[in-house]
Amino acid sequence: MPLGGQERQMEGSIYMREALKEAEKSYLKDEVPVGAVIVFNNEIIAKAHNCSISKKDPSCHAEIEVIRLAANKLKNYRLNECDLYSTLEPCMMCAGAIVQARIKNLVYAALDPKSGAIESRDNLLEKKYLNHGTNFFKGPLEKESSDLLKKFFKSKRN
């Protein structure tokens, strides 16, 4: 269970469902369908999805976008007591931003065997030299998140 206890897992499903809704928005915009939300004090304070193509900016991954929104909302670049839910295991750029933002907990739905930097290709959040430790958990809705990504990439091959 991602954050401990059945109640926390149920909350995690609610938050991940919101992240999946964001991923569906990016899918409809012909962007790689990844969504993310940030939770503070058991409330979603920011939602975002991939928009690298539409913004012509390679840094506009869902996790980066949601961190920007949450930092603006809290008027602080440190998000120490926040949890980030992402539909896909973060890449190395996003993992770095998660550390810099001091995210407390990261929960992701689907693994990214190509560029996932949390457990698939590397273990960036476990490096001893980091100045902040982020807890990370494989969470709910893996199948739904993975299916949406597969559907997107299949449409690109046809």
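**Helix geometry, cysteines and loops**

Trainee: How far apart are the end C-alpha atoms of helix H5 (residues 142-157)?

Mentor: This is a predicted model. Helix H5 has 16 residues, and at 1.5 Å a residue they should span 22 Å. The expected span counts one less than the number of residues. The model agrees with that expectation, with the end C-alpha atoms of H5 apart by 23 Å.

Trainee: Which residues of H5 are buried?

Mentor: The cut-off for buried is under 20% relative accessible area. In H5, the residues that count as buried are Ser-145, Ser-146, Leu-148, Leu-149 and Phe-152.

Trainee: What arc do those buried residues cover around the axis of H5?

Mentor: In an α-helix, residues three or four places apart point the same way, because there are 3.6 residues a turn. The buried residues of H5 lie on the same side of the helix. The arc they cover around the axis is only 160 degrees.

Trainee: Which residues are exposed on the other side of H5?

Mentor: Exposed means over 50% relative accessible area. On the side of H5 away from the buried residues, the exposed ones are Lys-143, Lys-150, Lys-154 and Arg-157.

Trainee: Are helix H3 (residues 62-74) and helix H4 (residues 92-101) roughly parallel or roughly antiparallel?

Mentor: The axes of H3 and H4 come within 9 Å. They cross at roughly 20 degrees. Angles under 35 degrees fall in one class, so H3 and H4 are roughly parallel.

Trainee: Is the crossing of H3 and H4 left-handed or right-handed?

Mentor: The axes of these helices cross at roughly 20 degrees. As H3 passes H4, the crossing is left-handed.

Trainee: How many disulfides does the structure hold?

Mentor: A disulfide needs two cysteine sulfur atoms within 2.5 Å. For Cys-51, the nearest cysteine sulfur is that of Cys-60, 4.4 Å away. For Cys-91, it is that of Cys-94, 3.7 Å away. Neither Cys-51 nor Cys-91 is in a disulfide, and the count for the structure is 0.

Trainee: What is the relative accessibility of Cys-91?

Mentor: Cys-51 is buried, with a relative accessible area of 9%. Cys-91 also counts as buried. The relative accessibility of Cys-91 is 14%.

Trainee: Is Lys-56 buried or exposed?

Mentor: Lys-56 sits in the loop between helix H2 (52-55) and H3. Its phi is near 55 degrees, a positive value in a residue other than glycine. With a relative accessible area of 72%, Lys-56 is exposed.

Trainee: Leu-141 has a positive phi although it is not a glycine. Is Leu-141 buried or exposed?

Mentor: The phi of Leu-141 is about 70 degrees. Leu-141 lies in the loop between strand S5 (135-138) and H5. Its relative accessible area is 12%, which means that Leu-141 is buried.

Trainee: What is the C-alpha to C-alpha distance between Asn-41 and Phe-136?

Mentor: Asn-41 is in the loop between strand S1 (35-40) and strand S2 (43-49). Asn-41 is exposed, with a relative accessible area of 61%. Asn-41 and Phe-136 are 95 residues apart in sequence, and their C-alpha atoms are apart in space by 18 Å.

Trainee: What separates the C-alpha atoms of Ala-101 and Thr-134?

Mentor: Ala-101 lies in helix H4. Ala-101 is buried, with a relative accessible area of 3%. Along the chain, Ala-101 and Thr-134 are 33 residues apart. Their C-alpha atoms are separated by 9.9 Å.

Definitions and conventions: Residues numbered from 1 in each chain as written. Predicted model: local features only at pLDDT ≥ 70, side-chain atom pairs only at ≥ 80, totals over all residues. Heavy atoms only, no water. Buried < 20%, exposed > 50% of the residue type's maximum accessible area, 1.4 Å probe, protein only. Helix = DSSP H or I, 4+ residues; strand = E, 2+ residues; numbered from the N terminus. Arc of directions from axis to C-beta. Axes fitted to C-alpha atoms, helices over the stretch in contact; angles between N-to-C directions. Parallel < 35°, antiparallel > 145°, perpendicular 65-115°, else oblique. Left-handed = near helix turned anticlockwise from the far one by under 90°.
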